[in-house]
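Colleague: Before I take this model to the bench, I would like to go through the labels attached to it and hear the reasoning behind each one.

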Amino acid sequence: MVDCWPQRDTPRGDSSHEGEFSKMKTKYRFAIPASLIALFLALSIAAPTALAKYDSYHSALGQLRAARAYIEHPDSGQLHDQEKNALAEIDAAIAEVKSVADDGKSLDNHPSIDSNARWIAKLNKAVEQLNKAHDNVAKEDDTSGARERAVDHIGKARKFVIQAIALEQ
């Protein structure tokens with residue numbers, strides 16, 4: 001039988017290439033983790049600034065979805081014109097905000113709503129959420145014009161909900 005594997009003439013560690021290999025191994029041992037750390041730091045610094053840029057818009061989207069959830073299921077089972085108009089204005093405000101800062105969430109992504117609450121209490125909660133959304137949208141620094149349009153839609157929605165409350169009393 002013929003041995004196909006080359007035999008080393010020198011004992012292990014005496015090779016002239018062993019020193020070069022050791023230097024290269026040490027070099028990569030530090031270079032790879034250092035580059036991974038640099039990449040991680042670059043991504044961790046960039047990601048929060050991108051998300052924080054429209055933080056008020058993202059909060060407003062959650063508040064608009066919550067206000068919508070309070071309005072869309074009345075005690076009587078039927079929505080009156082005021083509630084329908086409020087929902088349309090909320091949807092328009094959501095569309096305006098999402099045109100600048102889409103959070104990727106659907107209309108159904110809202111906090112749970114107390115289904116046992118009275119209708120007037122739900123409408124009052126909707127007004128509270130609309131007020132918070134209005135404040136969050138108004139303080140956002142946006143030059144696209146979406147902020148002004150969203151504030152207008154939120155104001156109209158709030159007006160329709162207040163009218164609905166007045167009709168229920």
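Colleague: Why does Asp152 count as partly exposed?

Modeller: This is a predicted model, and every value I give is computed from it. Asp152 has a relative accessibility of 38%, and because buried means under 20% and exposed over 50%, Asp152 falls in between and is called partly exposed. Its partner Lys156, at 35%, is partly exposed by the same reasoning, since that value also lies between the two cut-offs.

Colleague: What makes the contact of Lys156 and Asp152 a salt bridge?

Modeller: Their side chains meet with N and O 3.4 Å apart, and because the cut-off for such a nitrogen and carboxyl oxygen is 4 Å, the pair qualifies as a salt bridge. Both residues lie in helix α5, residues 146-168, and they are 4 residues apart, which is about one turn of the helix.

Colleague: Which residues are joined into one network by salt bridges that share partners?

Modeller: Arg68, Glu72 and Asp91 are joined in that way. Within this network, Arg68 forms a salt bridge with Glu72, where the closest N and O atoms are 2.8 Å apart. The structure holds 5 salt bridges, and another of them links Glu148 with Arg147, with the closest N and O atoms at 2.9 Å.

Colleague: Are Arg68, Glu72 and Glu148 buried or partly exposed?

Modeller: Arg68 has a relative accessible area of 14%, and because this is under 20%, Arg68 is called buried. Glu72, at 23%, is not under that cut-off and is therefore partly exposed, and Glu148, at 42%, likewise counts as partly exposed.

Colleague: How do you know that a charge sits over the ring of Phe160?

Modeller: Lys159 lies over the face of Phe160, at 5.3 Å from the ring centre, and because the distance limit is 6 Å, the distance condition is met. As for pairs of aromatic rings, the structure holds 0 of them.

Colleague: What is the span of α5, and how does it compare with the expected one?

Modeller: Helix α5 has 23 residues and reaches 33 Å from its first C-alpha to its last, which is close to the 33 Å expected at 1.5 Å a residue. Its buried residues include His153, Ile154, Phe160, Val161 and Ile165, and what covers the buried residues of α5 includes α2, α3 and α4.

Colleague: Where is Gln63 placed, and what makes it buried?

Modeller: Gln63 is in helix α2, and its relative accessible area is 14%, so with the cut-off at 20% Gln63 is called buried. Leaving aside residues up to four places away in sequence, Gln63 touches Gln129, Lys132, Ala133 and Asn136.

Colleague: Why is Ala88 called partly exposed?

Modeller: Ala88, which has its place in helix α3, has a relative accessible area of 44%, and because this lies between 20% and 50%, Ala88 is partly exposed. The C-alpha atoms of Ala88 and Lys156 are separated by 9.8 Å, although the two residues are 68 residues apart along the chain.

Colleague: How many helices and strands does the protein chain have, and what share of its residues is buried?

Modeller: The secondary structure comes to 5 helices and 0 strands, and of the 169 residues 30% count as buried. Among the contacts with a separation of 6 or more, 81% come from residues 24 or more positions apart. The chain exposes about 11,400 Å², of which carbon and sulfur atoms supply 56%.

Note on methods:
Residues are numbered from 1 along each chain as its sequence is written. This is a predicted model: local features need pLDDT of at least 70, side-chain atom pairs count only at pLDDT 80 or more; totals for chains, interfaces and linings use all residues. Side-chain values use heavy atoms; hydrogens and water are left out. Buried means under 20% relative accessible area, exposed over 50%, partly exposed in between (1.4 Å probe, protein chains only). Helices (H or I, at least four residues) and strands (E, at least two) are DSSP runs, numbered from the N terminus. Rings of Phe, Tyr and Trp (its six-membered ring) pair if their centres lie within 6.5 Å; planes under 30 degrees apart count as stacked, over 60 as edge-to-face and the rest as tilted. A charge sits over a ring if NZ of Lys or CZ of Arg is within 6 Å of the ring centre and within 35 degrees of the ring normal. The expected span of a helix is 1.5 Å times one less than its number of residues. Contact means heavy atoms within 4.5 Å. Accessible areas come from the Shrake-Rupley method with a 1.4 Å probe; for residues, only the protein chains shown count as cover.
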